[in-house]
Amino acid sequence: MTRTTPKTKSPINWQSQVYDILKEFHVKHMAYVPDAGHATAIDKFEADNEVTSVVLTTEEEGIPYLAGASLGGDRGVLLMQSSGVGNCINMLSLQNNARFPLLMLITMRGDWAEFNQWQNPMGQATEAALNLMGVRTWRADRPEEVEPLVRGAATMAFDGDQACAVLLGQRLIGKKEWTK
Amino acid sequence: MTEALLKRRDVVAELLKDRAETIVVTGLGSSSYDVMAAGDHDLNYYLWGAMGGAAMVGLGLAKSRPNHNVLVVTGDGEMLMAMGAFATIAVQAPKNLTIAILDNGYYGETGMQLSHSGRGVELDKVAASVKFDWTARITDMAGVADLRRRVHARDALNCAAIAIDAVEVERVLPSRDGVYIKNRVKAALGQIL
């Protein structure tokens, strides 16, 4: 894929921070549907023998997977793209009813400089859809926002049994990673 | 059909006999009632919704509790909604997970409409095709007893489709309080709530 977004130098490597913060929170399970914006975290988790990395066929599998891991006493995180949020909707009733902790990190499509309009409907409905199902959301559009938002969401998920999602905006992701 | 079909309550009672520390996850509807009818237990996690989620709850438990037997008891309709989960679970291949599908070929809860398995889809062969360690279609009680031994052996990822009849039985209802059921399981596993 060719991208016209220029590479800008940011002193903050938020992609690595995501992994480091989740390790600090003792995350033992990482369930995901692949996305370029999560590539660094996915690679680091896949290489980490202390963490079970679970590649899903559809994002909704991640909700009951993490519920099961939580029943067993472990913490986990779900990584996906915004289009996958639509696949999770009814399954979120599990978290909602049983008050399982849920931490989702969602890379956005359809919210800035989107070239593929097929990504727009779900991307633009992502935050509202999550909110409707009882998931709290925070948006990160700049590298320095990632760390405090992931930390805050992880705290509320794991200490307060809340469903929490951090949305990683296209303005954040577009600057890096997709330029190969 | 030439098979003599099994009675769902007999099947589940046999599977759960002397269950010890086996953790059981049930799919919504009749499977939950069957497990409840066999005797409520602190290590039962009953689903009343989240259709298609039972097997993945089981996977999460199996991966986080490798020293426990984890048994998912669900129906053909519930598992048909989780066709992708067969692949996800097979890739992880935990040796302490068994998926027991009570297969009557119908959507019982909604008025006995014929399901895909009732129209020829063989769920045990789906599991075999994604490389579960052991799969079978079980048509007699000896097969159920064998499956129970496999649950306790913890040496393979198992999936069985168990041919049951479609006769309606009395509903024995577990608690619908998801938080209560969750905390009961966690406490039984020694977690501080």
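Angles under 35 degrees count as roughly parallel, over 145 as roughly antiparallel, 65 to 115 as roughly perpendicular, and anything else as oblique. Keep that in mind for the helix pair at the centre of this tour. One caution before you click: this is a predicted model.

**Stop 1: chain A on its own**

Hide chain B for a moment and colour chain A by secondary structure. You should find seven helices and six strands. Follow them along the sequence and the pattern reads α-β-α-β-α-β-α-β-α-β-α-β-α.

Now zoom out. The C-alpha trace of chain A spans about 45 × 35 × 30 Å along its principal axes. Its radius of gyration is 15 Å, which agrees with the value near 16 Å for a compact globule of 180 residues. Of those 180 residues, 47% count as buried. If you draw the contacts in chain A with a separation of 6 or more, 77% of them come from residues 24 or more positions apart.

**Stop 2: bring chain B back**

Show both chains and select what touches across them: 26 residues of chain B are in contact with 26 residues of chain A. On the chain B side, the elements giving two or more residues are H3, helix H5 (83–92) and helix H8 (178–188). Which of them gives the most? That's H3(B), with eight residues. Colour this side of chain B by class and you get twelve nonpolar, ten polar and four charged residues.

**Stop 3: the two H3 helices**

Select residues 62–71 of chain A and 54–64 of chain B, which are the two H3 helices. Their axes come within 6 Å and cross at roughly 40 degrees. That angle falls between the roughly parallel and roughly perpendicular ranges, and H3(A) and H3(B) are therefore oblique to each other. Look down through the pair and you'll see H3(A) pass H3(B) in a right-handed crossing.

Turn on the side chains here:

- From H3(A), pick Pro64(A), Tyr65(A), Leu66(A), Ala67(A), Gly68(A), Ala69(A) and Leu71(A).
- They meet Met56(B), Val57(B), Gly58(B), Leu59(B), Gly60(B), Leu61(B), Lys63(B) and Ser64(B) in H3(B).

By class, this contact has ten nonpolar, four polar and one charged residues.

Are these helices covered or left open? H3(A) is mostly covered, with ten of its ten residues buried; among them are Gly62(A), Ile63(A) and Ser70(A). In H3(B), eleven of the eleven residues are buried, so this helix is largely enclosed by the rest of the structure. Its buried residues include Ala54(B), Ala55(B) and Ala62(B).

Before leaving, step off the end of H3(A) to Gly73(A), which follows the helix and has a positive phi, near 105 degrees.

**Stop 4: Glu61(A)**

Go back to the other end of H3(A) and select Glu61(A), in the loop between strand E2 (52–55) and H3 of chain A. Is Glu61(A) buried or exposed? A residue needs 20 or more other C-beta atoms within 10 Å to count as buried. Glu61(A) has 30, so it is buried.

What does Glu61(A) touch, leaving out residues up to four places away in sequence? In chain A there's Leu56(A), and across in chain B there are Met56(B), Gly84(B), Ala85(B) and Thr88(B). Met56(B) is one you've already picked, as part of the H3(B) contact with H3(A).

For a last click, draw a distance from the C-alpha of Glu61(A) to that of Asn87(A): the two residues are 26 apart along the chain, and the atoms are separated by 9.1 Å.

Terms used
Residues are numbered from 1 along each chain as its sequence is written. Chains are lettered from A and ligands numbered from 1 in the order in which they are written. This is a predicted model: local features need pLDDT of at least 70, side-chain atom pairs count only at pLDDT 80 or more; totals for chains, interfaces and linings use all residues. Axes are lines fitted to C-alpha atoms, for helices over the stretch in contact, and angles run from 0 to 180 degrees between N-to-C directions. Helices (H or I, at least four residues) and strands (E, at least two) are DSSP runs, numbered from the N terminus. A crossing is left-handed if the near helix is turned anticlockwise from the far one by less than a right angle, and right-handed if clockwise. Two residues are in contact if their C-beta atoms, placed from the backbone, lie within 7 Å. Ala, Val, Leu, Ile, Met, Phe, Trp, Tyr, Cys and Pro count as nonpolar, Asp, Glu, Lys and Arg as charged, and the others, Gly among them, as polar. The radius of gyration is taken over C-alpha atoms; the globule rule is 2.2 Å times the number of residues to the power 0.38. A residue is buried if 20 or more other C-beta atoms lie within 10 Å of its own, exposed if 12 or fewer, and partly exposed in between; C-beta atoms are placed from the backbone.
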